[in-house]
Amino acid sequence: MKKTILTMMVVVMTMIGASAQNFTVVSTYLAPTEGESYSTDNFTNNLGVMYKCADKCSIGLTKNNENYDLIGRYNYSDNVYVSLQAPTEEVINNLSVGVGYSLPVWNGICVEPNYTMNVSADDTGERAGSFNLGISFKF
């Protein structure tokens, strides 16, 4: 069922996206854990594609290691955005929200520092928040 929903989303996004100007490729840098070395997996484990569906709103899918998450972004201003990320299973329990800044570097390539926090608390009653560094390319 999960694969069917994801396939349908890709088909719909392909049909809607006749213009490449509405797409953004995003990725978040993941620092290697202790004992591991830097590799391309640090960037590609959270690679995603977003479609600009309205003037300030974008939706899409991002890879979250082995799974895929739904992502949404509201551009508050030209460079400041609010983001939402949810897995395809147990959405409410694993929903995370964040705020970030898109710093244009060169020809549609942007560096995006952001802070993301889980909406639900874990078993200890804490909400895990993290500062992330991402990169995006706007077509």
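Is M117 buried, exposed or partly exposed? I began my notes with this residue, working from a model that is predicted, and I found that M117 counts as partly exposed because its relative accessibility is 30%, which falls between the cut-offs of 20% and 50%. I placed M117 in strand β8, which covers residues 109-118.

**Entry: surface patch.** I then looked up what surrounds M117 on the surface, and I noted that M117 belongs to a nonpolar surface patch of about 720 Å². The other members that I listed for this patch are Y74, Y76, V82, V99, Y115 and F131.

**Entry: whole chain.** Before going further into β8, I took stock of the chain, whose secondary structure comes to 2 helices and 9 strands. Reading from the N terminus, I wrote the order of elements as α-β-α-β-β-β-β-β-β-β-β. Of the 139 residues in the chain, 26% are buried, and the accessible surface comes to about 9,300 Å², with 60% of that area belonging to carbon and sulfur atoms. I also recorded that, among contacts with a separation of 6 or more, 30% are made by residues 24 or more positions apart.

**Entry: E112.** I returned to strand β8 in order to look at E112, which also has its place there. E112 counts as buried because its relative accessibility is 2%, and the cut-off for buried is under 20%. Which side chains make polar contacts with the side chain of E112? I found one such contact with the side chain of R73, at 3.1 Å, and another with the side chain of S102, at 3.2 Å. Setting aside neighbours within four places in sequence, I listed the residues in contact with E112 as R73, Y81, Y101, S102, N132, L133, G134 and S136.

**Entry: salt bridge.** How many salt bridges does the structure hold? I counted 1, and I identified its partners as the side chains of R73 and E112, which meet at 3.1 Å, N to O. The pair links distant parts of the chain, with R73 in strand β4 (residues 67-75) and E112 in strand β8, 39 residues apart. I checked the burial of both partners and noted that R73 is buried, as is E112. As a general reminder to myself, side chains of opposite charge can pair when their charged atoms come close.

**Entry: strand pairing.** I next followed β8 to its pairing with β9, which is antiparallel and extends over 9 bridges. Within this pairing, I noted G134 in β9 as the bridge partner of E112, and G134 is also one of the residues in contact with E112. Strand β9 (residues 129-138) is joined by 6 bridges to strand β1 (residues 23-29) as well, and these two strands also run antiparallel. Here I recorded S136 in β9 as the bridge partner of V26, while S136 appears in turn among the contacts of E112.

**Entry: W106.** Is W106 buried or exposed? I found W106 in strand β7, which covers residues 103-106, and I marked this residue as exposed because its relative accessible area is 59%, the cut-off for exposed being over 50%. I finally compared positions along the chain and in space for W106 and F137, which are 31 residues apart in sequence and 9.5 Å apart from C-alpha to C-alpha.

Definitions and conventions. Residues are numbered from 1 along each chain as its sequence is written. This is a predicted model: local features need pLDDT of at least 70, side-chain atom pairs count only at pLDDT 80 or more; totals for chains, interfaces and linings use all residues. Side-chain values use heavy atoms; hydrogens and water are left out. Patches are made of residues with over 30% relative accessible area and no salt bridge: like charges are joined within 9 Å, nonpolar side chains (Val, Leu, Ile, Met, Phe, Trp, Tyr) within 5 Å. Accessible areas come from the Shrake-Rupley method with a 1.4 Å probe; for residues, only the protein chains shown count as cover. A salt bridge is a side-chain nitrogen of Lys or Arg within 4 Å of a carboxyl oxygen of Asp or Glu. Helices (H or I, at least four residues) and strands (E, at least two) are DSSP runs, numbered from the N terminus. Buried means under 20% relative accessible area, exposed over 50%, partly exposed in between (1.4 Å probe, protein chains only). A polar contact is a pair of N or O atoms within 3.5 Å; within protein, one must be able to donate a hydrogen and the other to accept it, and residues adjacent in sequence count only if both atoms are side-chain atoms. Contact means heavy atoms within 4.5 Å. Two strands pair if DSSP finds at least two bridges between them.
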